[in-house]
There are 2 protein chains.
Amino acid sequence: MATKTLASWATSLESSSLPSSVKQAAIRSLYNYIGCAIGGSNHATVTKAHDALSPFFGKATSTLFGHKGGLRADAQHAALLNGIASHVHDYDDTMLATIIHPTGPVASALLAYAEYKGGVSGPELLCALTAGIEASCKIGLAVWPEHYDIGWHITSSTGGIGAAVAVGKLMHLSEEQMAHAIGIATVQVIGLREMFGSDTKSFHPGRAAQSGLLAALLAEKGYTSSPQALEAKRGWANVVAGGGTPKLQKYLAELGEKWEIEANAFKPFPCGIVCHPAIDGCIQLYYEMEAKGIRAEAITKVEARVHPLVIELTSKRTPKNGLEAKFSVFHGAAVGLLFGKAGPAQYADNVVQDETVIALRDKVNATAEKELAADETYLTVHCSDGNTFEKHVKHAVGSLEVPMSDAQLTEKFVDQVALVLGEDAESASEAAWAIGEAHDVAKALRAL
Amino acid sequence: MATKTLASWATSLESSSLPSSVKQAAIRSLYNYIGCAIGGSNHATVTKAHDALSPFFGKATSTLFGHKGGLRADAQHAALLNGIASHVHDYDDTMLATIIHPTGPVASALLAYAEYKGGVSGPELLCALTAGIEASCKIGLAVWPEHYDIGWHITSSTGGIGAAVAVGKLMHLSEEQMAHAIGIATVQVIGLREMFGSDTKSFHPGRAAQSGLLAALLAEKGYTSSPQALEAKRGWANVVAGGGTPKLQKYLAELGEKWEIEANAFKPFPCGIVCHPAIDGCIQLYYEMEAKGIRAEAITKVEARVHPLVIELTSKRTPKNGLEAKFSVFHGAAVGLLFGKAGPAQYADNVVQDETVIALRDKVNATAEKELAADETYLTVHCSDGNTFEKHVKHAVGSLEVPMSDAQLTEKFVDQVALVLGEDAESASEAAWAIGEAHDVAKALRAL
């Protein structure tokens, strides 16, 4: 029943009946995705893939994000390349219950197809995006944690199915066709955790997007699969959970009752999530000190009491470049106190190698306290004039308890997009916020 | 070490050092593949996929088999569509130890890429094909039987890796690049047994071909993956064997010592393999009776003693069409005795519904004897003039003990290709036999 349940729910979902909180979550997810896809677009990982595949591009219908003046590819390649770009900085969204990054695979397929098709409205797009994200997250919950423990990259292994559902909605597939689209997506299981640290990690959401799009395209022309693709004895869930205990029926029964997209979280800083409380606190302290006219030069010592995982994962003392700095809580704290910001620009190689940054970084100490929560920290900053500043961060920004505000999402977008598009970042941000209301998504995308 | 072992062996394999028995096996595998790909090319499953994807085709560089006058697509789509066609009649080759159908995924990627690239010689192609097939089969052996038992379609789940190795060879990848190509292929795990009986079954080898080609294309441009992709704790073998006991090192150590391609078997009849002994015996009896001037009209009764699986799987008494006839040992025996042949033409709907065929089919009886081997049968044919003919088939044609001869492969090729290309089947057969000696494979393919 699971495949039928999902197909039936997805095909009958209507934009007009989405709760406004869900619509808002979809708008924020899409906006954050576009920022990440543009922000990652000039990364070497994307460039290599582009170089390898451009000889095979078909008719140029669909935008490749991040190119001034516009660059397009066929929808399948656009889905792949934008999907890679959206994940390459590890800066995308997270559904914390399963650590799925849900929007990348779904939106990459959806936007590429919407632009190819033309005439898709913003509300229609948001409804399809929501359907796809709910699909990925519900089936992800059903196979969690066995699936991830075995070694699958759950973002892409569930994302292809979400992408098929989303594109299938834009195609107005019948319930039966939608079930086949889901089935064709289930046989393309993408992503191994073993690849973390290599280019292939970000290939995963891109290929999942492309696989889901392909599944929907085939199903639209009557291509058949198994109507029990998800739940059969040798169907997707049992196979990918490796003899675990998939709970498909339980989670799919909650479709439309409990909306996973509402719990989608966004990373405020482009580095390991365990550093986020310390960075958040340092940025807050930057503003408090600034209000009193105290500059970072006055700082003599910074003490951070943190969860033990912070020390275990991010205690790189002398990072040599941006990539290493992602694993340095000392760097994150230093740039937070120096600039009141810890965006991609503060993780650029030249900032990591800057003398002022290094000097402050060397003054930061961190000690593990296992009583602290993972998203909690206590900070103390000592200044040369004897002043002392303290900050207790109970939940870091970007957590479910303290979600990023729209203003913070905008700052994140503009900061990363400016590194690619320069002064066009502000107008791109406005265009991205407005896509959900567009008359024709294709035109809105070209305005990016 | 497994990934490195495979990459190192594959990159250093040389055409000139292949044993002649291996070369011969590669020529036969390629020839049989081309016949199946042309034979399946006008099947509805292929047509639907073609219709769905032709709007996305890139530059038309690579032949889609089975179209008079030539039809081409970009290499990625040609790999996909030819791969589907090669498997759609379940008439392709089989490596009996793992029931991998090895040539489909590997050759579909390889030929599409060779034609795109140009200037690839026949011997170079055969060497790459051999490398790819050995790769698929060795890693297949390493995860057999756990992998198949869980529910993976082992043809495609191993075939993508074989395709990457094969294409990577034509690209002259370095050992390091080849390891990355293997790694990128490992994260695209294609094919669930749950899909058997639907269009998606033949999608599997097609998509595996395309995934392997993609992996090689990316690796060629420096795209990276894990250097322990196959063997890591959370690498391919452990993940897809679901906690089984992959024997990678054992089988990869035999690369170049024990050649799996030499044990590649070819199906003589387009139906379930368990019927093959009875059909084989009936065809032999056809010729014996013909030599004595006795025609099938004289037959009053046929008795077959068969392995119990024959009754369990293929005892459809009154098949209504070609698909059902594949599950009727009675039909297979009847056409064998009537025509001395059981090719695709004898499984056409109009033959299945023919009165003479039905009349003889109704005279065939089969009884299970568990003492018989699976590829063994005893046949007795009674005639109206009192004559009786007997035949003991110890090993059916197409088994390892009685492999199909080149002449039988040619007959199989011509029979299925004639249904698509008509009188051009003979010249296509000659061209296909000659590809291994071609100066430029691209030109040879266009002559098909």
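**A pocket between two domains and a two-fold interface**

In this predicted model, the second largest pocket has a volume of about 1,400 Å³, a pocket being an open set of points on a 1 Å grid over the protein atoms alone, where a 1.4 Å probe fits, with protein on both sides within 12 Å along at least five of seven lines; grid points are joined across faces, edges and corners, and the volume is the space filled by probe spheres set on the points. The pocket is lined by 42 residues, of which His89(B), Asp90(B), Lys201(B), Lys267(B) and Lys326(B) are the closest to its centre, where lining residues have an atom within 4 Å of a point. Local features need pLDDT of at least 70 and side-chain atom pairs count only at pLDDT 80 or more, whereas totals for chains, interfaces and linings use all residues. Residues are numbered from 1 along each chain as its sequence is written, chains are lettered from A and ligands numbered from 1 in the order in which they are written, and side-chain values use heavy atoms, with hydrogens and water left out.

The lining of this pocket comprises 17 nonpolar, 19 polar and six charged residues, with Ala, Val, Leu, Ile, Met, Phe, Trp, Tyr, Cys and Pro counted as nonpolar, Asp, Glu, Lys and Arg as charged, and the others, Gly among them, as polar. At least two lining residues come from each of helix 10 (200-220), helix 14 (308-314), helix 15 (322-325) and helix 19 (406-421) of chain B, helices being DSSP runs (H or I, at least four residues) numbered from the N terminus. Helix 19 of chain B gives the most, with three residues. Because domain 1 (2-268 + 405-446) and domain 2 (273-393) of chain B both give residues to the lining, the pocket lies between them; the domain bounds come from an automatic or database domain assignment.

Chain B is superposed on chain A by a rotation of 180° with 0.0 Å of shift along its axis (RMSD 0.1 Å), the fit being by least squares on the C-alpha atoms of residues with pLDDT of at least 70 in both. The two copies are therefore related as by a two-fold rotation axis, and 100% of the contact residues of chain B recur in chain A. Contact (heavy atoms within 4.5 Å) joins 59 residues of chain B to 59 residues of chain A. Between them, the chains bury about 4,900 Å², 64% of it on carbon and sulfur atoms, this being the accessible area (1.4 Å probe) lost on being put together, summed over both.

Note on methods: Buried area is the accessible area (1.4 Å probe) that two parts lose on being put together, summed over both.
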